[in-house]
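Subject: Structure handover

Hello,

Please find the structure below. My notes on it come after.

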Amino acid sequence: MASGIHMRVKEIGDFDQWLHKVEWDLQLITQALERSQAEKDQESGSLRDLSRVHRALRKCWARLLYDLLAIASKVRSAVLLDYIGGMTRDTLERIVDQINMKQQRWCVMFHQDAWFVLNPSELCKNLVADMDKALVNVTTGGGCSLMRGKESKDFSGLQAQLLCFVERAFSDGACFADFSTPAGNLSMVTLTGLLLDYPIIYYLREDKLASARDTLSNCILELVNIELDSSIAQSQCQLLCFSVPKVVTSTEPIANNLIQSFVSKLKSSASKQQSLWGDLRMTIFQAPGRSIAL
């Protein structure tokens with residue numbers, strides 16, 4: 001796999017050499033984790049927790065490489081590491097050092113239990129340039145309504161606040177930042193949608209999240225799944241996936257227009273690196289709301 005990666009990523013300069021060694025570096029990460037942890041901490045349960053992270057890392061090497069490639073080639077500006085179980089800051093710091101993320105000028109933002117690897121400069125470009133998003137408001141009465149993000153002063157203010165935060169947090173070369181401050185009382189659902197550049201975002205406050213879950217559990221949701229072929233994967237890989245209430249897509253034409261525009265944007269980004277990326281496919285399928293965890 002590593003030799004194939006090395007031959008296919010030369011169009012993005014020094015990154016090819018870095019990515020060529022990442023797969024081997026990832027295999028060394030858990031060994032370094034176990035060795036250093038054993039030396040400094042023999043408390044009950046700590047090595048058991050570390051072993052769980054070890055197993056999770058072994059399962060997700062290809063997925064992590066895929067996500068890093070998406071950031072490096074500017075197809076994505078941020079990815080959520082929700083597929084690595086037991087992630088802690090200590091573990092992630094070792095990963096950052098081992099695969100030299102600082103050389104790539106990538107950073108990590110975290111809030112609560114969510115960890116994002118991002119390219120700050122690309123994320124800032126998205127926050128400045130892309131205001132055409134839709135916000136789904138979930139009401140306690142059981143309904144969902146849609147509004148354009150650029151028509152909401154609160155949402156525009158959130159984008160501006162997050163932009164300023166990212167610029168300040170990583171201006172001095174820092175690699176980690178806790179974005180609890182710009183989060184305020186907005187839910188992680190909203191912040192995740194904004195950071196991952198989804199075209200349609202659930203606009204929810206933390207104190208309304210429980211009632212929103214109850215409402216959506218009785219809704220039919222449409223899952224928008226986007227896959228992008230890559231030379232690092234032996235099978236189809238999921239680039240991203242997000243949900244939209246069916247009542248929104250069936251009654252609001254702007255929702256479908258924004259999804260199509262978003263897919264076109266991804267295709268355009270991927271087409272600039274044709275030796276790295278292949279076909280992009282979007283599939284939409286229905287799922288009961290109770291099967292989706294906000």
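The notes cover confidence first, then one helix and one strand residue.

This is a predicted model, in which local features need pLDDT of at least 70 and side-chain atom pairs count only at pLDDT 80 or more, while totals for chains, interfaces and linings use all residues. Residues are numbered from 1 along each chain as its sequence is written, and side-chain values use heavy atoms, with hydrogens and water left out.

Confidence: the protein has a mean pLDDT (the predictor's confidence in each residue, from 0 to 100) of 75, and 70% of its residues reach 70 or more. The pLDDT is below 50 over residues 1-13, a stretch with 27 contacts (heavy atoms within 4.5 Å) beyond near neighbours in sequence. Residues 42-48 also have pLDDT below 50, with 5 contacts beyond near neighbours in sequence.

Helix 8: helices (H or I, at least four residues) and strands (E, at least two) are DSSP runs, numbered from the N terminus. Helix 8 spans residues 188-195, and 8 of its 8 residues are buried (under 20% relative accessible area, with exposed over 50% and partly exposed in between; 1.4 Å probe, protein chains only), so the helix is largely enclosed by the rest of the structure. Just after helix 8, Asp197 has a positive phi of about 65°.

Ile226: this residue lies in strand 8, residues 220-230, and is buried at a relative accessible area of 0%. Leaving aside residues up to four places away in sequence, Ile226 touches Cys237, Gln238, Leu239, Leu240, Phe262, Val263, Leu266, Leu280, Arg281 and Met282. Between Ile226 and Gln238 the C-alpha to C-alpha distance is 6.0 Å, at a separation of 12 residues in sequence.

Regards
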